[in-house]
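User: Please give me a close reading of the strand pairing in this model. I would then like one connected account that continues from there to the surroundings.

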Amino acid sequence: MEALDKPTTRVSGRLYGCQIRTLAQDGVLTSTAAKLAQVGFTETLAKEGVKYNIICNVIAPIAASRMTATVMPPEVLDALKPEWVVPLVAVLVHKSNQETGSIFEVGGGHVAKLRWERSKGALLRADDSFTPGALLKKWDSVGDFSAGAEYPTGVANFMELLEDAQKLPPNPPAENLDFKGKVALITGAGAGLGRIYALQFAKYGAKIVVNDLMDPETTVQEIQKLGGQATGVKASAEDGDAVVKAAIDAYGRIDIIVNNAGILRDKAFGNMEDKMFKQVLDVHLRGTYKVTKAAWPYMLKQKFGRIINTTSTSGIYGNFGQANYAAAKCGILGFSRALAREGKKYNIYVNTIAPNAGTNMTRTIMPEEMVQAFKPDYVAPLVTLLGSDKVPEPATGRLFEVGSGWVGETRWQRTGGVGFPIDKPLTPEEVLSKWETILNFDDGRADHPDDPSAGTEKIMANMENRSSAAKKEKKSSEPNQEILANIDAAKKSKAEGTDFSYDERDVILYSELKLRASLQDRTNFHFRPRRWRKANRPPSCFRERRQLPGPSDLWCHPNFQRSCPLQHG
Ligand SMILES: NC(=O)c1ccc[n+]([C@@H]2O[C@H](COP(=O)([O-])OP(=O)(O)OC[C@H]3O[C@@H](n4cnc5c(N)ncnc54)[C@H](O)[C@@H]3O)[C@@H](O)[C@H]2O)c1
């Protein structure tokens, strides 16, 4: 195989997002937000850089770390060395590479590419009959990827969608959602989309907290005039504590949050000042985080929460002049996905929308006739529905694009990729020799990773891929079907629980433990720490204590033994 030339100065402009998480994981909220922010950022730079031969890609490497060293055997760690990531990087920086704005998953000898897949979605007539209930009736089509899905690199054609939506008959009458007793907080609700969300939640009976940095009161009065209940809080969403406190002070609870406040500071990346980058990240990403963080304990306690976060197609696909906005908006997507995983068991659902509507924000980039046509009212029914408990499962962690009476869902698609044998070093030339297979979404092996384990399953399956065995058994590019099937079976299996029995004495011991634990003086009653067991005696300071009959782990202080219901010998 011909060796690749050494990189020259021509490729020095090639840039890499160091890592993305294609999939959110529990407990890694900040890293998921930060990593996904790199996707929006990099896709934007790819678009801006193309005419200057600046090529930008994102890699999601999986490599051995101090953390994985504690849980993985040495042979697996060996195959997760950075050496398995570097050859892909070499291919991407080489002057022959034309791939840009792409996302790769790499590690352990496996390389695959990811792209966005958007469903055909549901189209409803865009008029007053487009209600949350009407959308619920068509919900199955929203997430149906079986026909007409596309693989976009930008925003949908909302003008065409609107024209098609207006040709449809009125949407049939549907149930009205009921939000009585619920409190909805909407940030940036003084104008634009936020104002319409607030009016719609109020129409269906929710109490509304209108937050806006500029003027929340006009929306509050509008709601009150229509007979609804609302209170305003003039503050930045970045001051999440104050915003949530206003909700609690006024209504004593918070059930729904729409993180919607936003600003633009557009500039080609070369001219973007640090300040502009920071301002946009602060309002969008940090504002979303701060409001959600302040409300989270209330939602945990009441075991109910519905959070709708706002991204943008500029974040999902990148957009010229919006490196700051794209980073913030894609960061919000990563944040939302991680939070959806944390919240699910507490009935806190988190979804993300990428709206399209004519507002003051889009007035800066759309002709006025489009601003008038793309009414925020054609976005609001999705937000209201996501704020309810009516969305069929899976009802959390999803990403929707919405506007003009249309609602579609967007998800990752991943190629089957190539697994290289892990018993010989991988070179850039070998990666390049399989390049077409790595990029091939149409060979019937592509999948849709949607949980954290899916992010590593192909890489782990490749651990079995050795060149000698591979020759006999199968081509090295095929994933090990047996391992994939085992992983699949393990994911579907359900624990049956463990039977255990107890007698009267166990009950007394248990009650005793509870009784003592509730008393302030913890010195009376002790578990014997494991490390004492070796010497079979406690340290000298405990020696005067007498051991209880029965389980050797329990000790009772002599002062307590007189009142202890257990018979101490
Ligand atoms: N309109 C669209 O087509 C579109 C497209 C993609 C994403 N979005 C997103 O939708 C959201 C709403 O946008 P819009 O089009 O209604 O914009 P808009 O400018 O009409 O409304 C935004 C509101 O947020 C308020 N705001 C700004 N900074 C704030 C802060 N720090 N704290 C509280 N409030 C603040 C503004 O005062 C304004 O009332 C934004 O997050 C935006 O990025 C909109």
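Analyst: Two strands count as a pair if DSSP finds at least two bridges between them. The model discussed here is a predicted one.

By that criterion, strand β9, residues 256–259, is joined to β10 by four bridges, and the two run parallel. Within this pairing, Asn 259 has Asn 309 of β10 as its bridge partner. Strand β9 also pairs with strand β6, which covers residues 183–186; here three bridges are found, again in the parallel sense. Ile 186 is the residue that stands opposite Val 258 of β9. The side chains of β9 alternate in direction: Ile 256 and Val 258 point one way, Ile 257 and Asn 259 point the other way, and all of these residues are buried. Val 258, which faces Ile 186 across the β6 pairing, and Asn 259, which is bridged to Asn 309, thus point in opposite ways from the strand.

Strand β10 spans residues 305–310, and the loop between α11 and β10 contains Lys 303. Lys 303 has a positive phi of about 50°, although it is not a glycine. Its environment is open by the criterion used: with 10 other C-beta atoms within 10 Å, Lys 303 is exposed, because the cut-off for that class is 12 or fewer.

Antiparallel pairing is found around strand β13, residues 406–414, which is joined to strand β4, residues 110–118, by five bridges. Glu 117 has Arg 411 of β13 as its bridge partner. Strand β5, residues 122–123, is joined to β13 by two bridges and is antiparallel to it; in this pairing Leu 123 stands opposite Trp 406. Strand β12, residues 399–403, also runs antiparallel to β13, with four bridges, and Glu 401 stands opposite Gly 408. The β12 and β13 strands form a hairpin with two residues between them, and Ser 404 in the turn has a positive phi of about 60°.

Ahead of β12 is the loop that starts from α16, residues 380–386, and this loop holds Pro 394. The peptide bond from Glu 393 to Pro 394 is cis, with omega near -5°.

On the other side of β4, Gly 108 is found in the loop that links β3, residues 103–107, to β4. Gly 108 has 28 other C-beta atoms within 10 Å and is therefore buried, since the class requires 20 or more. The C-alpha atom of Gly 108 is 9.2 Å from that of Lys 458, although the two residues are 350 positions apart along the chain. A further contact of this kind involves Ala 60, in strand β2, residues 56–61. Ala 60 and Glu 105 are 45 residues apart along the chain, and their C-alpha atoms are separated by 4.7 Å. Ala 60 is buried as well, with 23 other C-beta atoms within 10 Å. The loop between α1, residues 29–49, and β2 contains Asn 53, a residue that is not a glycine yet has a positive phi of about 60°. Asn 53 has 13 C-beta neighbours inside 10 Å and so counts as partly exposed.

The surroundings of these strands include the largest nonpolar core, which has 129 residues; Tyr 197, Ala 198, Phe 201, Ile 208 and Leu 382 touch the most other members. Helix α13, residues 323–343, supplies the largest share of this core, 12 residues. Domain 1 (9–116 + 414–492) and domain 2 (120–409) both contribute residues to the core, so it lies between them.

The ligand has 30 residues around it, of which Gly 188, Gly 192, Gly 262, Thr 359 and Met 361 come nearest. At least two residues of this shell come from each of α8 (192–203), β7 (207–212), α11 (274–302), β11 (348–355) and α14 (360–363). By type, the shell divides into 12 nonpolar, 16 polar and two charged residues.

Helix α21, residues 481–492, offers a contrast in burial: none of its 12 residues is buried, and the helix is hardly covered. The length of α21 can be checked against expectation: at 1.5 Å a residue its 12 residues should span 16 Å, and the end C-alpha atoms are 16 Å apart, which agrees.

How values were computed
Residues are numbered from 1 along each chain as its sequence is written. This is a predicted model: local features need pLDDT of at least 70, side-chain atom pairs count only at pLDDT 80 or more; totals for chains, interfaces and linings use all residues. A residue is near a molecule or strand if its C-beta atom, placed from the backbone, lies within 6 Å of it. Ala, Val, Leu, Ile, Met, Phe, Trp, Tyr, Cys and Pro count as nonpolar, Asp, Glu, Lys and Arg as charged, and the others, Gly among them, as polar. The expected span of a helix is 1.5 Å times one less than its number of residues. A nonpolar core is a set of buried Ala, Val, Leu, Ile, Met, Phe, Trp, Tyr and Cys residues joined through C-beta atoms within 7 Å. Domain bounds come from an automatic or database domain assignment.
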